[in-house]
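Welcome! Take a moment to turn the model around on your screen, and then let us walk through it together, starting from a small spot and working outwards.

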Amino acid sequence: MAVASLHTDRSALQRELQGAVAILSALVRQASPDSVSGDEARVLVGLFAQAERAAASGIALFSPVVVETGSFAKLGHGSAAEWLGSVAGSSPAEAKGRLVAAERAAGDRALTEALHEGELSAGQLKVVSETALVGPAAVETLLGLHEGGASHQELRDAAVRLRAAAASKETERARRDRVHRGRHLRWHQCPEGGIRSEIFCDEVAWARVAPALEAQATARWKAAGAGEGLEAHRLDAFLDLLAHGIGGTGDGSGAASGARVHTLVIVDAAALRRGSTKGDELCEIDGIGPVSVDAVVELVGQGGMQLLVKDGVDITTVTGTRRDLPQRVQAALVVRDRTCVVTGCAKRHGLEVDHWRVAYEDGGPSELDNLARLCPEHHALKTYGGWRLEGGPGHWDWIAPAHPKSAGYITRARRLAAAKGRARARATRPRNFPLRD
């Protein structure tokens, strides 16, 4: 039976779906992960993810009907969230969020059409539906980004900007008051061992500590040269900052201690004069994300805060010749590359500067046209894995080498490079200079 005819034959729809679920379940039962290569496994995961998105879209399309009719009570469930949590294998709280997103989607034509395409995950639907209150144009903008291949982080950042531009000062003030009242640091010991914690606070409060945290985490990650990710070193840096304060480290593990760390705030001059953002205007704390203009004004004058006002200046004319970037070049680069420039990455933490056209070792200049910001992981892929950037700002292409390297190879190359760097540092230090590992 053609899929189109399933809209008018409810029993056929159920039979077809039951058959598809049976086929998928059989494939999973018979799967032998040890019998496939890494590349084959990657393709299979992509197909399973596609099936997962289609299933999430189907749940979003039909769950509002269950809520409206109260059908969930026929199975003994006290609420729709309890019912969906039981069938989806999630907590009632998570299920409630999915139900809210589904109900919002049911009232929006564009979102309903997107669900019928089967390409929205539960997380993506949540982000887009939360912006539906701004208006149809905001939903269309986010769906356009999704169709263009935007990552979840890029979608979320765009949604935050759209909601911020639409919010009144009173609404934003109420939001910040609500966040402040709900601020917390929670921790508990996990049954399997270890401590799990959660922090919730206002963006301005976090901006006072985040730059020092990221600087030390990135320095540790570079110095380690091993396979641990940046998040592991971020925790180490966080605990060290708690134990020894912002000004120094306690173990000599390579974290930056002498460099002054700034909280960089970027805002369009028009938004600063107006007191709110419109359209694509920027008002962000670098490494954290969009904030209100009131939040920026609150940060002005505080120690360690650096305000960059963008007033339509052609930043492509800013150049420099040293490897240590002049302040204006660094500021222009931050404004231009808000996140890692690799399409779909959107990471904003611990970004590193790369001489992308001509390497510095080959005489590449430290000017804006030759610079790009990459997350540590993509920087390692480019440096040790043979990947390269092409296209330029606004048109970046991430080009694979003829024979891409595995993550293990890149990790070993990083470790070797870090070891050589430490050896060179020892060789150039004065003989009576104390060494710390």
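Ser90 sits in the loop that joins α3 and α4. This is a predicted model, and in it Ser90 counts as buried, with a relative accessibility of 18%. Leaving out residues up to four places away in sequence, Ser90 touches Gly85 and Ala95. Right beside it in the chain, just after α3, Gly89 takes a positive phi of about 75 degrees.

Gly85 also belongs to the next part of the picture. In helix α3, which covers residues 80-88, the buried residues are Ala80, Ala81, Trp83, Leu84 and Gly85. These buried residues pack against α2 and α4.

**The chain as a whole**

Now zoom out. The chain has 17 helices and 10 strands. Of its 437 residues, 35% are buried. The accessible surface comes to about 25,600 Å², and carbon and sulfur atoms account for 55% of that area. Among contacts with a separation of 6 or more, 57% are between residues 24 or more positions apart. One pair that is far apart in sequence is Ala223 and Ala418: they are 195 residues apart along the chain, yet their C-alpha atoms are 6.1 Å apart in space. Ala223 is found in helix α11 (residues 210-224) and is partly exposed, with a relative accessible area of 26%.

**Nonpolar residues, inside and outside**

In soluble globular proteins, nonpolar side chains tend to be buried together. Which residues have the most contacts inside the largest nonpolar core? They are Leu111, Leu120, Leu125, Val128 and Leu143, in a core of 18 residues. Helices α4 (92-106), α5 (109-117), α6 (122-130), α7 (136-147) and α8 (152-166) each give two or more residues to this core. The most comes from α5, with four residues.

Leu125 gives a closer view. Setting aside neighbours within four places in sequence, Leu125 is in contact with Ala60, Ala101, Ala102, Ala105, Leu111, Leu115 and Leu120. A second, separate core has 15 residues, including Ala207, Val265, Ile288 and Val293.

Leu120 also turns up beside a histidine. His146 is in helix α7 and is buried, with a relative accessible area of 17%. Not counting residues up to four places away in sequence, His146 touches Glu119, Leu120, Gln124 and Leu155.

There are nonpolar residues on the surface as well. Ile23, Leu24, Leu27, Val28, Val43, Leu44, Leu47 and Phe48 make a nonpolar surface patch of about 720 Å². Both α1 (10-30) and α2 (38-69) supply at least two residues of this patch. Leu24, for example, is found in helix α1 and counts as partly exposed at 35% relative accessibility.

**Charged pairs**

The count of salt bridges comes to 26. Here are three of them, with the distance between the closest N and O atoms.

| Salt bridge | N to O distance |
|---|---|
| Asp294 and Arg173 | 3.9 Å |
| Lys347 and Glu377 | 3.5 Å |
| Arg357 and Asp369 | 3.1 Å |

Asp294 is in helix α14 (residues 293-299) and Arg173 in helix α9 (residues 169-181), so this pair links parts of the chain that are 121 residues apart. Asp294 is partly exposed at 30% relative accessible area, and Arg173 is partly exposed at 43%.

Lys347 lies in the loop between α15 (327-336) and β7 (352-355), while Glu377 is in helix α16 (residues 376-384), so their salt bridge ties together parts 30 residues apart in sequence. Lys347 is partly exposed at 39%, and so is Glu377 at 30%.

Arg357 and Asp369 both lie in the loop between β7 and β8 (371-374), 12 residues apart. Arg357 is partly exposed at 48%, and Asp369 is partly exposed at 43%.

Salt bridges can also join into a network: Arg156, Asp157, Arg161, Glu284, Asp286, Arg338, Arg348 and Arg373 are linked in this way.

**The cysteines**

How many disulfides does the structure hold? The number is zero. Why do Cys375 and Cys345 not form a bond? The sulfur of Cys375 is 3.9 Å from its closest cysteine sulfur, in Cys345, and that is too far for a bond, because a disulfide needs the two sulfur atoms within 2.5 Å. Cys375 is buried, with a relative accessible area of 0%, and Cys190 is buried too, at 9%.

Definitions and conventions:
Residues numbered from 1 in each chain as written. Predicted model: local features only at pLDDT ≥ 70, side-chain atom pairs only at ≥ 80, totals over all residues. Heavy atoms only, no water. Patch = residues over 30% accessible without salt bridge, like charges linked within 9 Å, V, L, I, M, F, W, Y side chains within 5 Å. Areas by Shrake-Rupley, 256 points an atom, 1.4 Å probe, with all protein chains shown as cover. Salt bridge = Lys/Arg side-chain N within 4 Å of Asp/Glu carboxyl O. Buried < 20%, exposed > 50% of the residue type's maximum accessible area, 1.4 Å probe, protein only. Core = buried A, V, L, I, M, F, W, Y, C linked by side-chain atoms within 4.5 Å. Contact = heavy atoms within 4.5 Å.
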